[in-house]
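Colleague: Please take me through this model, starting with how its strands are put together and going on to the metal site and the pocket.

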Amino acid sequence: MLDERSYDRRRFLRDAAVGAAAVSTAGLAAGAPARAANTTTAATAGAGGSGAVSFRWWGTSGWRIDIGNRTVLVDPYLSRYDTGLFKGAFNENTPLTVDTTVVDPLVDRAENILVTHTHWDHFNDVPHIAERTGGRVFGTLTAYHLGLAYGLPSGQLAPVKGGEVLDFGAYTVEVVSSRHSRNGAWSMAFPGVRVSRPPRPEKISDLPEGDTLAYQIRVDGGPSVFFMGASDFAERNLVGLAPDVAMVASAASTATADYVPRLMAALDYPKVVVPVHWDNFETPLTNPPTVAPNDRKRLEDLIAAVRKASPRSRVLVPEYHTAYHF
Ligand SMILES: [Zn+2]
């Protein structure tokens, strides 16, 4: 259920954005994602306009969220090494490595680290970041056991299933049981779970999907923002979330029926939709993001589908590192 205040504020935000409804894809066609300036309307409407809450995209489905002096990370994958995936030569025995020269300057602190699932392009850097920052890791039971395998203390690992609403004072985190993307064969890479502590992972195939979660962060006096790490969901688990902003994963294939219309309806047509997981995550994290031709097509299809299913939503195609205020 929506509380009245939340609903009214959402209506206000949505109405305030009408003039700017649906960002054009002109910039995209020219090879440049939409600029941060597109967030102007939202910035004045959200979080008391204080600008104290910022969201920075780190590529793939990764985010750094700063709420005052507190930092939450979602799926932080910064090492972005070559597995051959974008060259048609995927090597599932690629060794897991952490590029501390990239990770450490970006990650000075983290209170909470939210993991949607444990594939390497989401989880690879998490144990290092947790060790470096002392940040608490939320994820599936598989993420918990993998964290133990990397030597993290159990007290720093918080297994969740979906349904939990976690209180951190200035913000809450609601955990949502979700689903992984389907590939063109209606399947996925590296399925599986870990129900006990495995040996320390060494190659990317040692990190199974481990079930998939989504998260909603609700900032006190600010926006509620929904985060996906993969392009499928359990529709009935989204009832009542009604986020102001939704970070939506670009569809990996057309295997999931009516992905965008069902998602928009289930999320009650968010004011802002931010496509994620469309960039080539095996290139450096520098703007403009590198996009493979088939991923560009998927991104354009996602934008078109959002505009059709939820015409009053504004689509924001993010750039790396830019601080967005909603
Ligand atoms: Zn995955």
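Modeller: Two strands are said to pair when DSSP finds at least two bridges between them, and with that in mind we can begin, remembering throughout that this is a predicted model.

Colleague: In the sheet that contains β3 and β4, which residue of β4 is the bridge partner of Leu73?
Modeller: The sheet is an open one of seven strands with mixed pairing, in the order β6-β5-β4-β3-β2-β1-β14, and its edges are β6 and β14, each of which pairs on one side only. Within it, β3 (residues 70-74) and β4 (residues 112-114) run parallel and are joined by three bridges. The partner that Leu73 finds in β4 is Ile113.

Colleague: At what angle to β6 does helix α7 run, and is the helix enclosed or open?
Modeller: Seven of the nine residues of α7 are buried, so the helix is largely enclosed by the rest of the structure. Its buried residues, including His145, Leu146 and Leu148, pack against α5, β5 and β6. Helix α7 (residues 141-149) lies across β5 and β6, and its angle to β6 is about 155°.

Colleague: Which protein residues are the donors of the zinc ion, and how far apart along the chain are His117 and His180?
Modeller: The donors are the NE2 atom of His117, the ND1 atom of His119 and the NE2 atom of His180, which lie 2.1 to 2.2 Å from the ion. Both His117 and His180 are buried. His117 sits in the loop between β4 and α5, whereas His180 sits in the loop between β8 and β9, so that this pair links distant parts of the chain, with a separation of 63 residues.

Colleague: What is the volume of the largest pocket, and which residues lie nearest its centre?
Modeller: Helices α5 and α9 each supply at least two residues of the lining, and the pocket has a volume of about 670 Å³. Of the 32 lining residues, those nearest the centre are Leu85, Ala252, His277, Phe281 and Arg298.

Colleague: Which strands of the other seven-stranded sheet does α9 touch?
Modeller: This second open sheet, also with mixed pairing, has the order β7-β8-β9-β10-β11-β12-β13, and its edge strands are β7 and β13. Helix α9 packs on the sheet in a direction that makes about 160° with that of β12, and the strands it touches are β11, β12 and β13.

Colleague: Where does the cis peptide bond occur?
Modeller: Most peptide bonds are trans. The cis bond here has an omega near -5°, and its proline lies in the loop between β12 and α9. The bond runs from Asn287 to Pro288.

Colleague: What is the phi of Asp268, and what is that of His321?
Modeller: Asp268 is in the loop between α8 and β12, and His321 is in the loop between β13 and β14. Partly exposed residues fall between the limits of 20% and 50% relative accessible area, so Asp268, at 27%, counts as partly exposed, and His321, at 30%, is partly exposed as well. Neither residue is a glycine, yet each has a positive phi: for Asp268 about 60°, and for His321 about 70°.

Definitions and conventions. Residues numbered from 1 in each chain as written. Predicted model: local features only at pLDDT ≥ 70, side-chain atom pairs only at ≥ 80, totals over all residues. Heavy atoms only, no water. Helix = DSSP H or I, 4+ residues; strand = E, 2+ residues; numbered from the N terminus. Contact = heavy atoms within 4.5 Å. Axes fitted to C-alpha atoms, helices over the stretch in contact; angles between N-to-C directions. Donors = N, O, S within 2.8 Å, 3.2 Å for Na, K, Ca; no water. Buried < 20%, exposed > 50% of the residue type's maximum accessible area, 1.4 Å probe, protein only. 1 Å grid on protein atoms, 1.4 Å probe; cavity = no way out; pocket = protein on both sides within 12 Å on 5 of 7 lines; lining within 4 Å. Points joined across faces, edges and corners; volume = space filled by probe spheres on them.
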